[in-house]
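Welcome to this guided tour! Please open the model in your viewer and keep the selection tool at hand. We will go from stop to stop, and at each one you will hear what to select.

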Amino acid sequence: MAVASGKGGTGKTCVAVNLAVSLGSVQLLDCDVEEPNSNLLLHLKQKKVEFVYVKIPKIDEAKCTHCGSCVKVCQYNVILALKQQILLFPELCHSCGGCMLFCPQDAITEEKHPIGSLNFCKANDLELVYGELEIGKPMPVPIIKAAKQQINHSKNVIIDSPPGTSCSFVETVRGSDFCVLVTEPTPFGLHDLQIAVEVLRKIHVPFGVVVNRAGVGDRKVYDYCTKEGIPLLLEIPYDRRIAEFYSRGIPFSLEMLGWKEKFQALFSKIEEIEPQ
Amino acid sequence: MKQLTVISGKGGTGKTSITGSLAILAKNVVVADCDVDAPDLHMLLHPQIMEKQSFKGSKLAIIDVFKCAKCGLCRKTCRFDAISDDLTVDSIACEGCGVCALICPSTAITLTERVSGNAYISTIPQGFMSHALLNPGEGNSGKLVTLVRQNAKNIAITKKLDVIIIDGSPGIGCPVIASISGVDAALVVSEPTLSGIHDLKRVLGLLNHFKVAPFVCINMHDINPDITRQIQEFCRANNIEVLGLIPYNKEVTEAMVNGKTIVEYSPESKVSMEIKQMWTKITKVLEVTAN
């Protein structure tokens, strides 16, 4: 089950973590690899780190005849062939393998290029895996793919998605049985929710909405959900205590009475609507 | 011409509300909304579209079923698992690398340009706005950011405007890198939460990596005075100027609901005064005239 939003800062991580601690025996996968924040609320001890690599071309200058085939094949402008020299921009490489495949001299092999890491944490029944993109590397998607390979199929899995609605979001939520969209009742919240809904419909992932900071803004998010037949799963009120618990890195359902049950009920509700 | 990018690392810290306010204060300005997959700034600045261009950011493989001999070589060669068992292309998984088209022995596959979104050039009362919208679920937002910035630059040159204010996206990945490359300064909008400080440090690392001068402001500073102090201390230790401390005020959301920036909706509020003072400091740093 993915937790996503479109707009940033609506409370995805807050919902994902509170769900995880309320349910107990789950795996939480933090796919917001540009800014992974789940463990800032969970404070779990790190058990293991694995580096994530992508494959990039390595050109054997002794074999290279500077024919330029690789430059023509590459759709991402990774390779620049000068008269005397070949320049590589590995940050742009999508690891398609085309340059290697179509080099007439067999001068290209591949080497591993590190772009980030997977971090494994555990406490009691709660497992956390979070991906982390190295600063300065532009491509989060390979780390999201690597994180999703760690999915523990024997457990319920909660996936914390990155903000936005482009490639990272799509890669994260694809294949999930359900997606919880966390929004806030403001014009920005509604606008970005609508884009996220369009994407989820396109990739056939069922979804419902959690309204966070209920009480601020206006009623348009509610009107939209009613009109579109989108289930409203939970409302979390705007409450300064919740904001303060979050700021200090504490899941508020551990401190505020009745919220553990509300998050458990949220999950049961999703299990009921899941087969669409 | 001077360019300032507003970013945050963490989402929802108030980038767009602050960028919108700066645009109102700047007056003769080009504003570029570079949060192309979830752009919100138009809801505050109400641009009138003058020009629309389609954005062709990537390619897509198309299989001609009449030519296809069903050998399956394309499926085996594709590194993105974008070709299914029955040999159809999954347009979401396809990254347009073209390897399948080159390897197909029946030349049944072509690589076509796909329209991934639209870019717009618009007028706003304060000047001009360059913005865009990526089609839902499309990739390559970094390239679209580059196009939005190029459009902003062109219009600044033709209309002789000397400031471009860029609203960035959350995170530190490709669209963010595209929105900060070559700018004169970046303003990081932070918030006093553990996530806020964590993400601030990563985004400052990114600015350092790309040699962009950083400035910080702390939004909703009164939510957690302890962490606000930690952020100030961190910035002091790293020689980064904190330009403003903006208090929490529900009027910022009310302004948004009314389609206005806080400096228009409640010009005498503490939030507005603080943003105005920040803008004065920014104009000094960028050496541009305040109005």
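**Stop 1: an exposed residue in a loop**

Start by selecting B:Asp81, which is exposed because 11 other C-beta atoms lie within 10 Å. The cut-offs are these: a residue is buried if 20 or more other C-beta atoms lie within 10 Å of its own, exposed if 12 or fewer, and partly exposed in between, with C-beta atoms placed from the backbone. Now show the neighbouring elements: B:Asp81 sits in the loop between helix 3 (73–77) and helix 4 (99–103) of chain B. Helices (H or I, at least four residues) and strands (E, at least two) are DSSP runs, numbered from the N terminus. Check the backbone here too, as B:Asp81 has a positive phi of about 50° although it is not a glycine.

Before we move on, a word on what you are viewing. This is a predicted model, in which local features need pLDDT of at least 70 and side-chain atom pairs count only at pLDDT 80 or more, while totals for chains, interfaces and linings use all residues. Residues are numbered from 1 along each chain as its sequence is written, and chains are lettered from A and ligands numbered from 1 in the order in which they are written.

**Stop 2: the whole of chain B**

Select chain B and colour it by confidence. Its average pLDDT is 96, and 99% of the residues score at least 70; pLDDT is the predictor's confidence in each residue, from 0 to 100. For the model, ipTM is 0.93 and pTM is 0.95.

Switch to a cartoon view, where chain B has 11 helices and 11 strands. Its C-alpha atoms fill a box of roughly 70 × 40 × 35 Å along the principal axes. Of the 291 residues of chain B, 55% count as buried.

Next, give each domain its own colour: domain 1 of chain B covers 2–55 + 123–286 and domain 2 covers 58–114. These bounds come from an automatic or database domain assignment. How many Å separate the centres of domain 1 and domain 2 of chain B? The answer is 40 Å, taken over C-alpha atoms.

**Stop 3: the sheet of chain B**

Now select the strands of the open sheet: 9 strands of chain B, in the order 3-6-7-2-8-1-9-10-11, with mixed pairing. Two strands pair if DSSP finds at least two bridges between them. Strand 3 (48–55) and strand 11 (241–246) of chain B are at the edges, each with a single partner strand, so one side of each has no neighbour in the sheet. From one strand to the next, the twist averages 20°.

Zoom in on strand 7 (residues 127–134) of chain B, where 7 of its 8 residues are buried. Strand 6 (residues 117–124) of chain B pairs with strand 7 in the antiparallel sense over 8 bridges, and the two form a hairpin with 2 residues between them. To see one pair, select B:Gly117 and its bridge partner B:Leu134. Strand 2 (residues 29–33) of chain B is joined to strand 7 by 4 bridges and runs parallel to it; here B:Val31 has B:Met129 as its bridge partner.

Then go to the edge: strand 3 and strand 6 of chain B run antiparallel, joined by 7 bridges. One pair to select is B:Lys52 with B:Tyr120.

**Stop 4: helices on the sheet**

Add helix 1 (residues 15–26) of chain B, which packs on the sheet and touches strand 1 (2–7), strand 2, strand 8 (163–167) and strand 9 (185–190). Its direction makes about 165° with that of strand 8 of chain B. Such axes are lines fitted to C-alpha atoms, for helices over the stretch in contact, and angles run from 0 to 180 degrees between N-to-C directions.

**Stop 5: where the chains meet**

Finally, show chain A as well. 51 residues of chain A are in contact with 50 residues of chain B, where contact means that the C-beta atoms, placed from the backbone, lie within 7 Å. Which helix of chain A gives the most to the side that touches chain B? Select helix 7 of chain A, which gives 8 residues.

Notes:
Two residues are in contact if their C-beta atoms, placed from the backbone, lie within 7 Å.
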